[in-house]
Amino acid sequence: MNGIALENAQQTAQAIQQNPDLKMRDWAAEVTWKGGVKNEIKIRDFAPFITDEPQPLGGFDEAPNPVEYLIGAAASCFAITFEVLASQAGITLEDVKVNITADLNAAVFLGIEEGEGGILNPTIKISAKTSASQKEVEEIAKVAVGKSPVISSLKTTIKLDI
C-alpha cells in the first residue's frame with residue numbers, strides 16, 4: 001500500500017517473533033577526514049557523501065553540516081514511520097510533507113559557554129493529504145514521534161571507544 005513493501009516488514013516482524021535474536025541489527029558508517037572540517041561518510045555500498053560546516057563555524061560551506069543531516073534524518077525517519085503506520089491502517093496517502101526546525105547554541109560548540117550542546121527545541125510539522133480524517137492523522141503522527149528510531153536515538157547515551 002502506498003508503494004511500501006508492507007509484506008517485507010510483516011515477514012520481518014514474524015521472523016523476530018519466532019526468533020527474538022533477530023531483533024537487533026547492526027548499522028555502521030565510516031567517516032574519513034578530508035581536511036579542515038570536511039569529512040566523507042560511507043554507508044554500505046552507497047556513494048559517499050560529504051559533511052562540512054558553514055564559514056562562520058570554520059568550514060567552507062561545501063556540504064550540509066552534521067546537525068543538518070541529523071535533523072534531516074530525524075524528519076525523514078518520522079515521515080517513514082508515519083507513512084508505514086498510515087499504510088498499516090489502510091490509509092491512502094496522496095502527499096506527505098515534513099518540515100523540521102531546531103536550534104543549536106553555537107557558543108557551546110565553540111567553547112565559549114557551558115550548556116546543552118545538542119539540538120534544542122526541535123519542532124516537526126507534518127502536512128498530509130490522505131484518506132484519513134485530521135484526527136486520525138494527528139493520532140498516527142503522535143505514535144510516529146514515539147516509534148521513530150532516529151528520534152528515539154537522540155535520547156540515548158553514546159559509548160566512546162578510543
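This text leads the reader through three places in the structure, which is a predicted model.

The account begins at the surface. A nonpolar patch is formed there by Leu104, Phe109, Leu110 and Ile112, and these residues together have about 410 Å² of accessible area. One member of the patch, Leu110, is located in the loop that runs between α3 (106-109) and β5 (119-130). Leu110 counts as partly exposed because its relative accessibility is 46%, a value between the limits of 20% for buried and 50% for exposed residues.

The strand that follows this loop, β5, contains Thr130. With a relative accessible area of 16%, Thr130 is buried, since the term applies under 20%. Apart from neighbours within four places in sequence, Thr130 is in contact with Ile91, Thr92, Leu93 and Val137. The side chain of Thr130 also has a polar atom that lies 2.8 Å from the backbone nitrogen of Ala132.

A further loop connects β3 (49-51) with α2 (66-88), and Ala63 lies within it. Is Ala63 buried or exposed? The relative accessible area of Ala63 is 13%, and therefore Ala63 is buried. When residues up to four places away in sequence are not counted, Ala63 touches Ile50, Thr51 and Asp52. Asp95 offers a reference point for the position of Ala63: the two residues are 32 residues apart in sequence, and their C-alpha atoms are 28 Å apart in space.

In summary, Ala63 is a buried residue in a loop, Thr130 is a buried residue in a strand, and Leu110 is a partly exposed residue that belongs to a nonpolar surface patch.

Definitions and conventions:
Residues numbered from 1 in each chain as written. Predicted model: local features only at pLDDT ≥ 70, side-chain atom pairs only at ≥ 80, totals over all residues. Heavy atoms only, no water. Patch = residues over 30% accessible without salt bridge, like charges linked within 9 Å, V, L, I, M, F, W, Y side chains within 5 Å. Areas by Shrake-Rupley, 256 points an atom, 1.4 Å probe, with all protein chains shown as cover. Salt bridge = Lys/Arg side-chain N within 4 Å of Asp/Glu carboxyl O. Helix = DSSP H or I, 4+ residues; strand = E, 2+ residues; numbered from the N terminus. Buried < 20%, exposed > 50% of the residue type's maximum accessible area, 1.4 Å probe, protein only. Contact = heavy atoms within 4.5 Å. Polar contact = N/O pair within 3.5 Å; in protein donor to acceptor, adjacent residues only side chain to side chain.
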